Amino acid sequence: MEPGNQHQPRRHLSRTGRYILNNRERSPLWVWILVVVATVLVTALIAAGATAVGVFTIYKPESMYLQVTTAHLGRLVYSPYDGVIRDIAVSIELFTSNGNTKANVSFSSLDLALGFHGTTLADLKAMPFNVTPEHVVPLHYLVHSAGARLDAAGRRAMQEEINAGLVRLDLDGKARMTLKVGVFPTREFWTRISCPIYLAVPDGNARPVDPRICRSWSP
């Protein structure tokens, strides 16, 4: 055997005149196992992605939302000397809506904060609850806060707004929605809200809430 051919695979001439390689070096079993596992994982990822796209396309998260409808200022006691809100009472009306015809939605981790000019006055929360298809669930909050101290900018804003007879409060926060559609797997979405609420002083009536602004959205 020539030195240059000692590692070459053997070739046999078939009856048809074609050469057939006889290479006894085959891939180990573990290589084929890895190929099969990788194929299964890729197929599962593609299926999961298709499911997610189907859920987003057919049952759009934006049809499930949280919306502020109205509010009322029951009491406001403010001390301009030290910038402390001695006492404030506000009622806020909201509702959650599920506009889908088949999807059941549960709201959980509902975390809202009512504030004035960057100072948090109260945290609003709710126990997990469900909204059936094509239904709404009203939420009613009676907010009471005392002792919140405003910074310099907040003091100026409060005094100006009291003098103008209209105080602005901000309701900000988010809620987690869990969607279950028939055989589709459970999907989770976040919906966020940022709503300015204008309250007259001293009668406490609120300006009409803009539904385009005071409705939550899903990023």
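The exercises below work through strand β4, its partners and a few backbone features in a predicted model.

**Exercise 1.** Determine whether strand β4 is largely enclosed by the rest of the structure or not.

Solution.
- Step 1: Locate the strand; β4 covers residues 84-98, 15 residues in total.
- Step 2: Apply the cut-off, by which a residue is buried when its relative accessible area is under 20%.
- Step 3: Of the 15 residues, 13 are buried, so β4 is largely enclosed by the rest of the structure.

**Exercise 2.** Describe how β3 and β4 pair, and what the turn between them contains.

Solution.
- Step 1: Find β3, which spans residues 64-79.
- Step 2: β3 and β4 run antiparallel to each other, with 14 bridges between them.
- Step 3: As an example of the register, leucine 73 has valine 90 of β4 as its bridge partner.
- Step 4: The two strands make a hairpin, and 4 residues separate them.
- Step 5: In that turn, glycine 83 takes a positive phi of about 70 degrees.

**Exercise 3.** State how many bridges join β4 to β8 and how many join β4 to β9, and give a residue pair for each.

Solution.
- Step 1: For β8 (residues 135-145), count 11 bridges to β4, in the antiparallel sense.
- Step 2: In this pairing, asparagine 98 lies opposite histidine 135 of β8.
- Step 3: For β9 (residues 148-149), count 2 bridges to β4, also antiparallel.
- Step 4: Here valine 84 has arginine 149 of β9 as its bridge partner.

**Exercise 4.** Place serine 109 and glutamate 134 in the structure, give the phi of each, and classify each as buried, partly exposed or exposed.

Solution.
- Step 1: Serine 109 belongs to strand β5, residues 104-116.
- Step 2: Its phi is near 50 degrees, a positive value in a residue other than glycine.
- Step 3: The relative accessible area of serine 109 is 28%, so this residue is partly exposed.
- Step 4: Glutamate 134 sits in the loop that connects β7 (129-131) with β8.
- Step 5: Glutamate 134 is not a glycine either, yet its phi is positive, about 55 degrees.
- Step 6: Exposed requires over 50% relative accessible area; glutamate 134 has 54% and therefore counts as exposed.

**Exercise 5.** Classify the peptide bond from valine 201 to proline 202 as cis or trans, and say where proline 202 is found.

Solution.
- Step 1: Read omega for this bond, which is near 15 degrees.
- Step 2: The bond is cis.
- Step 3: Proline 202 occurs in the segment that comes after β11 (187-200).

Technical notes: Residues are numbered from 1 along each chain as its sequence is written. This is a predicted model: local features need pLDDT of at least 70, side-chain atom pairs count only at pLDDT 80 or more; totals for chains, interfaces and linings use all residues. Side-chain values use heavy atoms; hydrogens and water are left out. Buried means under 20% relative accessible area, exposed over 50%, partly exposed in between (1.4 Å probe, protein chains only). Two strands pair if DSSP finds at least two bridges between them.
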